[in-house]
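Take a look at the chain below. Follow it from end to end before reading on.

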Amino acid sequence: MQKRTDKGSGRRTGFLQKLAALLIAVVFLAGGIMIGQHLPKKSRDQVTVATVSAKLKAIGELATEQYTYTGIYKLSNGQIPFITKKGFTMVYMANFKAGVKVKDIKVQVNQEQVTVTLPQSQLLDKKIDPSSIKFYDQSYALFNWNQKEDITKAEQAALKKATGVAKKSGLLSRSQKNAKKLIKQLLQGTLDGKKLVIKTAESSKTN
């Protein structure tokens, strides 16, 4: 009888030890969860100026709007036909690309929000498409003609005119709006619940 009692007691002791170990594990697990919940928000989230800036720099170039202008430029110089008078009409196509420079974007992060300040939109690229150039009404002067120089000056003047037209078309303002939309799409769902505020440099208008 004594042997059976010792064996049963040993089983009960082993069971109690396992139960105690399980309870201790549960206590530690619950304690870890509670500690994690009460850690300061800043130590848990990973949204920093560096992480947001890295996402933006990954874009490379933020060109958000394109514009094409087809124009006519007329050159006329000199008075005496065939001797000093020269001229031509040049039809051309100019292409423009507008956007913001990513390197100039500023980022601020606090516990409640992420503020992205965009620079003013600008022309990132402008050029006349050489394949689009056609000349009409050409007249040559015997003593007043330098084809290469005149064509270069004509292209420069034509591009200047086209640039003014492109800006008056609202190209830069459209580009600015599109830049804000793209930034929103890029950062949406990556800010750990922080509010996203997008501003434009100088005007500081909240989006």
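The paragraphs below go from the whole chain to its helices, its salt bridges and a few single residues. Keep in mind that this is a predicted model.

Start with the overall plan. The protein chain has five helices and seven strands. Their order along the sequence is α-α-α-β-β-β-β-β-β-α-α-β. The chain counts 207 residues, and buried residues make up 28% of them. Now look at the contacts. Take those with a sequence separation of 6 or more. Of these, 77% are between residues 24 or more positions apart.

Next, turn to a pair of helices. Two packed helices are described by the angle between their axes and the distance between the axes. Here the pair is helix 3, residues 49-57, and helix 5, residues 171-187. Their axes lie 11 Å apart. The packing angle is about 120°. Are these helices parallel or oblique to each other? Angles of 65 to 115 degrees count as roughly perpendicular, and those over 145 as roughly antiparallel. The angle of about 120° falls in neither range, so helix 3 and helix 5 are oblique to each other. Helix 3 passes helix 5 in a right-handed crossing.

Which residues make this contact? Helix 3 brings Val52, Lys55 and Leu56. Helix 5 brings Ile183, Leu186 and Leu187. Sort them by class, and the contact has five nonpolar residues, one charged residue and no polar ones. The charged residue is Lys55, because Lys counts as charged.

Helix 5 also takes part in a salt bridge, through Arg174. The structure holds two salt bridges. In one of them, the side chain of Arg174 meets that of Glu65, at 3.1 Å from N to O. This pair links distant parts of the chain. Arg174 sits in helix 5, while Glu65 sits in strand 1, residues 62-77. The two are 109 residues apart. Are the partners buried or exposed? Arg174 has a relative accessible area of 30%, so it counts as partly exposed. Glu65 has 19%, and buried means under 20%, so Glu65 is buried.

The other salt bridge joins Lys103 and Asp104. Their closest N and O atoms are 3.3 Å apart. Lys103 has 63% relative accessibility, so it counts as exposed. Asp104 is at 29% and therefore partly exposed.

Go back to strand 1, where Tyr73 is found. What does Tyr73 touch? Leaving out residues up to four places away in sequence, its contacts include Phe88, Thr89, Met90 and Tyr92. Ala154, Ala157 and Ala158 are also among them. One of these partners is far along the chain: Tyr73 and Ala154 are 81 residues apart in sequence. In space, their C-alpha atoms are 7.2 Å apart.

Phe88 belongs to strand 2, residues 86-100. Phe88 and Tyr73 are 15 residues apart along the chain, and 8.4 Å separates their C-alpha atoms. How accessible is Phe88? Its relative accessibility is 3%, so Phe88 counts as buried.

Phe88 has another partner to find. Asp137, in strand 6 (residues 134-139), touches Gly87, Phe88 and Thr89, again without residues up to four places away in sequence. Asp137 and Gly87 are 50 residues apart in sequence. From C-alpha to C-alpha, they are 7.5 Å apart in space. Asp137 is at 63% relative accessibility, so it counts as exposed.

Now find helix 4, residues 147-168, which holds Lys167. Lys167 touches Leu123 and Leu172, with residues up to four places away in sequence not counted. Lys167 and Ala98 are 69 residues apart in sequence, with 9.8 Å between their C-alpha atoms. Lys167 is partly exposed, with a relative accessible area of 46%.

Finish in the loop between helix 5 and strand 7 (195-200), where Asp192 lies. Asp192 is not a glycine, yet it has a positive phi of about 55°. Its relative accessible area is 43%, so Asp192 is partly exposed.

Methods:
Residues are numbered from 1 along each chain as its sequence is written. This is a predicted model: local features need pLDDT of at least 70, side-chain atom pairs count only at pLDDT 80 or more; totals for chains, interfaces and linings use all residues. Side-chain values use heavy atoms; hydrogens and water are left out. Axes are lines fitted to C-alpha atoms, for helices over the stretch in contact, and angles run from 0 to 180 degrees between N-to-C directions. Helices (H or I, at least four residues) and strands (E, at least two) are DSSP runs, numbered from the N terminus. Angles under 35 degrees count as roughly parallel, over 145 as roughly antiparallel, 65 to 115 as roughly perpendicular and the rest as oblique. A crossing is left-handed if the near helix is turned anticlockwise from the far one by less than a right angle, and right-handed if clockwise. Contact means heavy atoms within 4.5 Å. A salt bridge is a side-chain nitrogen of Lys or Arg within 4 Å of a carboxyl oxygen of Asp or Glu. Buried means under 20% relative accessible area, exposed over 50%, partly exposed in between (1.4 Å probe, protein chains only).
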